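Student: I would like to go through this protein with you and ask, for each label we attach to it, what the label rests on.

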Amino acid sequence: MGIPDWERLAFPLALLDTVNYAPQRSWLNQHFFNYLALATLHPAYCECYKDLWALIDEWFSARKPRWGATPALGWPGDIRAFDKRREVFKQGRDFLVENGWLPPEEALFHIHAAMLWCISLGGKPLMDRCMNSILKGVKRCPDWLRRMMRELDTRLNVK
């Protein structure tokens with residue numbers, strides 16, 4: 001799926017709505033909430049994310065009886081819960097910018113989203129590894145994390 005971006009939402013939504021590709025759908029069920037939360041941090045779209053959340057919430061509700069499809073695991077019951085998840089990602093981004101791991105420019109959103117997505121997918125072990133590096137004084141994104149980010153999109157210019 002690459003870097004979280006709303007221009008790429010059609011594919012994950014279609015996958016969540018199919019009975020085929022059970023292993024991929026199961027994986028996506030676990031990660032869609034974070035994918036969407038990160039995608040909605042894009043500066044060009046951050047003012048209308050509540051409308052997007054409402055549309056997707058309605059879409060999940062309408063599809064629930066069909067094929068036994070279910071909303072993504074952890075899908076929030078209301079926009080406040082979604083706002084909290086977005087805030088966690090915004091604080092994480094700010095922390096990584098302050099520590100020199102991310103460039104401060106909002107125009108480089110894809111780099112921000114790629115790093116946050118990699119850390120999110122890596123879960124607590126990767127989060128701990130990042131925090132240990134920061135606490136040891138590492139002032140830029142380590143090579144291992146840059147490689148992970150480039151795997152999401154080979155065109156991504158991660159320095």
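Tutor: Let us begin with H4, where the exposed residues Arg80, Lys84, Val88 and Glu98 sit on the face turned away from the buried side of the helix. Please keep in mind throughout that this is a predicted model.

Student: Which residues of H4 are buried, and what makes us say that they line one face of the helix?

Tutor: The buried residues of H4 are Phe82, Arg86, Phe89, Arg93 and Leu96. When one looks down the axis of H4, these buried residues fall within an arc of 80°, and therefore they line one face. The general background is that an α-helix has 3.6 residues a turn, so residues three or four places apart point the same way.

Student: What covers that buried side of H4?

Tutor: The cover of the buried residues of H4 includes helix H2 (22-39), helix H3 (49-63) and H5.

Student: How do you know whether H4 and H5 are straight or fall short of a straight helix?

Tutor: One sets the span against the expectation of 1.5 Å a residue: H4, with 20 residues, reaches 28 Å from its first C-alpha to its last, close to the 28 Å expected. Helix H5 (residues 109-135) has 27 residues, yet its end C-alpha atoms are only 25 Å apart, short of the 39 Å that a straight helix would reach. In H5 there is also a kink of about 125° at Gly123, shortly before the proline Pro125, and after H5 comes Gly137, whose phi is positive, near 95°.

Student: Why is His112 called buried?

Tutor: The cut-off for buried is under 20% relative accessible area, and His112 has 3% relative accessibility, so the residue counts as buried. His112 lies in helix H5 and, leaving aside neighbours within four places in sequence, is in contact with Arg93, Val97, Leu102, Pro103, Pro104 and Glu105. Of these contacts, Arg93 is itself one of the buried residues of H4.

Student: Why is Asn99 called buried, given that Asn99 is found in a loop?

Tutor: Asn99 is indeed in the loop between helix H4 (79-98) and H5, but the label depends on the area, and a relative accessible area of 19% is under the 20% cut-off, so Asn99 is buried. Not counting residues up to four places away in sequence, Asn99 touches Ile134, Val138 and Lys139.

Student: And what makes Tyr21 exposed?

Tutor: Exposed requires over 50%, and because Tyr21 has 56% relative accessibility, Tyr21 counts as exposed. Tyr21 is found in the loop between helix H1 (10-16) and H2, and has a positive phi of about 55° although it is not a glycine. As background, most residues other than glycine have a negative phi.

Student: Turning to the whole protein, how many helices and strands are there, and what makes the protein as compact as a globular protein of that length?

Tutor: The secondary structure comes to six helices and zero strands. The radius of gyration is 16 Å, close to the 15 Å that the globule rule gives for 159 residues, so the protein is as compact as a globular protein of that length. Along the principal axes, the C-alpha trace spans about 50 × 30 × 25 Å, and buried residues make up 42% of the 159 residues. Among contacts with a separation of 6 or more, 66% are accounted for by residues 24 or more positions apart.

Terms used: Residues are numbered from 1 along each chain as its sequence is written. This is a predicted model: local features need pLDDT of at least 70, side-chain atom pairs count only at pLDDT 80 or more; totals for chains, interfaces and linings use all residues. Side-chain values use heavy atoms; hydrogens and water are left out. Helices (H or I, at least four residues) and strands (E, at least two) are DSSP runs, numbered from the N terminus. The expected span of a helix is 1.5 Å times one less than its number of residues. The bend at a residue is the angle between axes fitted to the seven residues ending there and the seven starting there. The radius of gyration is taken over C-alpha atoms; the globule rule is 2.2 Å times the number of residues to the power 0.38. Buried means under 20% relative accessible area, exposed over 50%, partly exposed in between (1.4 Å probe, protein chains only). Contact means heavy atoms within 4.5 Å. The arc is that of the directions from the helix axis to the C-beta atoms.
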